[in-house]
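Me: I should like to learn how to read the features of a protein model. May we work through one together?

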Amino acid sequence: MPATTTITDRLVDAYLAGDVDALADACAEDVLVDVIVGTWQFQIAGRETVRNGLAQEEFPPGRRIAWHQRTDTAAGVLLEVEGWAPIE
């Protein structure tokens with residue numbers, strides 16, 4: 001029997017692969033993403049805002065994920081990542 005793929009599986013897999021279209025397409029139209037980086041936090045809302053924001057800020061060419069940890073919660077998923085990308 002094949003393993004069940006959940007929506008959180010699709011979201012996490014798309015984020016780790018840097019596939020902004022797959023990630024955004026898996027989101028609800030009114031998605032809210034809470035991002036915490038170091039000591040600052042921001043939120044982005046709406047599928048197309050998520051698509052555009054991640055494409056510009058999170059998925060630059062040459063990006064790689066060095067480490068990640070996934071924690072499933074009652075409300076969704078917490079994904080902690082350590083990523084690297086070239087800076088111009």
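Me: Which residues make up the largest nonpolar core?

Reply: Please bear in mind that this is a predicted model. Its largest nonpolar core has ten residues, namely Ala14, Tyr15, Val20, Leu23, Cys27, Val31, Ile44, Val50, Leu54 and Phe59. Two or more of the core residues come from each of α1 (7–17), α2 (20–25) and α3 (47–57).

Me: Which residues of α1 are buried, and against which elements do they pack?

Reply: A residue is called buried when its relative accessible area is under 20%. In α1 this applies to Thr8, Asp9, Val12, Ala14 and Tyr15. The buried residues of this helix pack against α2, β3 and β4. Ala14 serves as an example: leaving aside residues up to four places away in sequence, Ala14 touches Asp19, Ala22 and Leu23. After α1 comes Gly18, with a positive phi near 75 degrees.

Me: How should I read a pair of aromatic rings, and how many aromatic pairs are there?

Reply: A pair of aromatic rings is described by the distance of the centres and the angle of the planes. In this model the count comes to two aromatic pairs. One of them is formed by Trp40 and Phe42, which are stacked at 5.4 Å centre to centre with 20 degrees between the planes. The pair is called stacked because planes under 30 degrees apart count as such.

Me: How accessible are Trp40 and Phe42?

Reply: Between the limits of 20% and 50% a residue is called partly exposed. Trp40 is partly exposed because its relative accessibility is 46%. Phe42, at 30% relative accessibility, is likewise partly exposed.

Me: Which residue lies over the face of Tyr15?

Reply: Here one considers a charged group and a ring. Arg63 lies over the face of Tyr15, at 4.9 Å from the ring centre. Glu58 touches both of these residues, and Gly53 as well, when residues up to four places away in sequence are not counted.

Me: Where is Glu58 placed in the chain?

Reply: Glu58 is in the loop between α3 and β3. Its relative accessible area is 26%, so Glu58 is partly exposed. Glu58 and Arg47 are eleven residues apart along the chain, and their C-alpha atoms are separated by 15 Å.

Me: What can be said of Gly38, which is also eleven residues from a partner, Cys27?

Reply: Gly38 and Cys27 are 25 Å apart in space, C-alpha to C-alpha. Gly38 is found in the loop between β1 and β2 (40–45). Gly38 is exposed because its relative accessible area is 72%.

Me: How much space lies in the largest pocket, and which residues lie nearest its centre?

Reply: For a pocket, one reads the volume together with the lining. About 1200 Å³ of space lies in the largest pocket. Its lining has 38 residues, and those nearest the centre are Tyr15, Val33, Asp34, Val35 and Leu79. Two or more lining residues come from each of α1, β1 (32–37), α3, β3 (64–73) and β4 (76–84). The most is given by β4, with nine residues. Tyr15 thus belongs to the nonpolar core and also lines this pocket.

Me: Which residues does Gln69 touch?

Reply: Gln69 lies in strand β3. Not counting residues up to four places away in sequence, Gln69 touches Leu78, Leu79 and Glu80. The C-alpha atoms of Gln69 and Val12 are separated by 10 Å, although the two residues are 57 residues apart along the chain. With a relative accessible area of 38%, Gln69 is partly exposed.

Conventions:
Residues numbered from 1 in each chain as written. Predicted model: local features only at pLDDT ≥ 70, side-chain atom pairs only at ≥ 80, totals over all residues. Heavy atoms only, no water. Core = buried A, V, L, I, M, F, W, Y, C linked by side-chain atoms within 4.5 Å. Buried < 20%, exposed > 50% of the residue type's maximum accessible area, 1.4 Å probe, protein only. Helix = DSSP H or I, 4+ residues; strand = E, 2+ residues; numbered from the N terminus. Contact = heavy atoms within 4.5 Å. Phe/Tyr/Trp six-rings, centres within 6.5 Å; stacked < 30°, edge-to-face > 60°. Lys NZ or Arg CZ within 6 Å of the ring centre and 35° of its normal. 1 Å grid on protein atoms, 1.4 Å probe; cavity = no way out; pocket = protein on both sides within 12 Å on 5 of 7 lines; lining within 4 Å. Points joined across faces, edges and corners; volume = space filled by probe spheres on them.
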